[in-house]
Amino acid sequence: MFLVEHEGIIQLTNRAAVDHFGWNQEEMVGNNISMICGGFHGPKHGEYMCRYLQTGEKRVIDKRRRILAHRKDGTEFPCELGMREVVTAMGERMFCGFVRDITREKYDESEIANPNRGSGSLRLLSKRLPTLFLPLMNMEPYGG
């Protein structure tokens with residue numbers, strides 16, 4: 001979790017963010033959130049924030065996006081980003097971002113989608129099948 005002010009400066013992080021990204025809290029707080037933006041998003045992050053603040057057009061706010069994130073050691077990983085705008089009691093606009101590592105999910109998707117990997121895809125699907133049907137098994141019967 002990251003709390004970021006309107007110019008992109010990190011105000012607060014939680015322990016999970018520190019552990020996952022590799023920077024300590026002192027290294028993160030006071031720096032621009034673009035430090036954790038992977039791929040081509042890092043250099044453009046300031047533009048994204050300016051556009052939102054000027055137009056109010058929500059491309060990321062109140063939505064979940066899949067992007068690349070950047071760790072201190074230089075590695076990048078796929079993540080799901082959720083972002084909310086928060087207005088403080090003093091009227092200050094802040095942004096609260098939640099990042100979830102989806103590396104395993106992306107790997108599973110590629111295993112299932114790639115039939116050329118042999119029986120690995122079927123083995124993975126057979127492991128996941130029971131959890132896919134659990135929600136259906138817990139539903140009330142139709143008309144009852």
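**Exercise 1. Decide whether C79 is buried or exposed, then look for a disulfide.**

Step 1. C79 has 1% relative accessibility, so it counts as buried. Buried means under 20% relative accessible area, exposed over 50%, and partly exposed in between (1.4 Å probe, protein chains only).

Step 2. This is a predicted model: local features need pLDDT of at least 70, side-chain atom pairs count only at pLDDT 80 or more, and totals for chains, interfaces and linings use all residues. Residues are numbered from 1 along each chain as its sequence is written, and side-chain values use heavy atoms, with hydrogens and water left out.

Step 3. Search the whole structure for disulfides: there are zero. A disulfide is a pair of cysteine sulfur atoms within 2.5 Å. For C79, the nearest cysteine sulfur belongs to C37, 8.7 Å away.

Step 4. Turn to C96. Its relative accessible area is 12%, so C96 is buried.

**Exercise 2. Work out the strand order of the sheet.**

Step 1. Helices (H or I, at least four residues) and strands (E, at least two) are DSSP runs, numbered from the N terminus. Two strands pair if DSSP finds at least two bridges between them.

Step 2. The five strands form an open sheet in the order β2-β1-β5-β4-β3, with antiparallel pairing. Its edge strands, β2 (10–13) and β3 (64–70), each pair on one side only.

Step 3. Now take β1 (residues 2–5) and β2. Three bridges join these antiparallel strands. V4 has I10 in β2 as its bridge partner.

Step 4. Add the helix. α3 (residues 41–55) packs on the sheet and touches β1, β3, β4 (76–87) and β5 (93–101). Contact means heavy atoms within 4.5 Å. The direction of α3 makes about 140° with that of β5. Axes are lines fitted to C-alpha atoms, for helices over the stretch in contact, and angles run from 0 to 180 degrees between N-to-C directions.

**Exercise 3. Find the residues with the most contacts inside the largest nonpolar core.**

Step 1. A nonpolar core is a set of buried Ala, Val, Leu, Ile, Met, Phe, Trp, Tyr and Cys residues joined through side-chain atoms within 4.5 Å.

Step 2. The largest core has 21 residues, and F2, I10, F21, M28 and I36 have the most contacts inside it. β4 gives the largest share, four residues.

**Exercise 4. Classify I9 by its relative accessibility.**

Step 1. I9 lies in the loop between β1 and β2.

Step 2. Its relative accessibility is 25%, so I9 counts as partly exposed.

Step 3. The C-alpha atoms of I9 and I33 are separated by 6.0 Å, though these residues are 24 apart along the chain.
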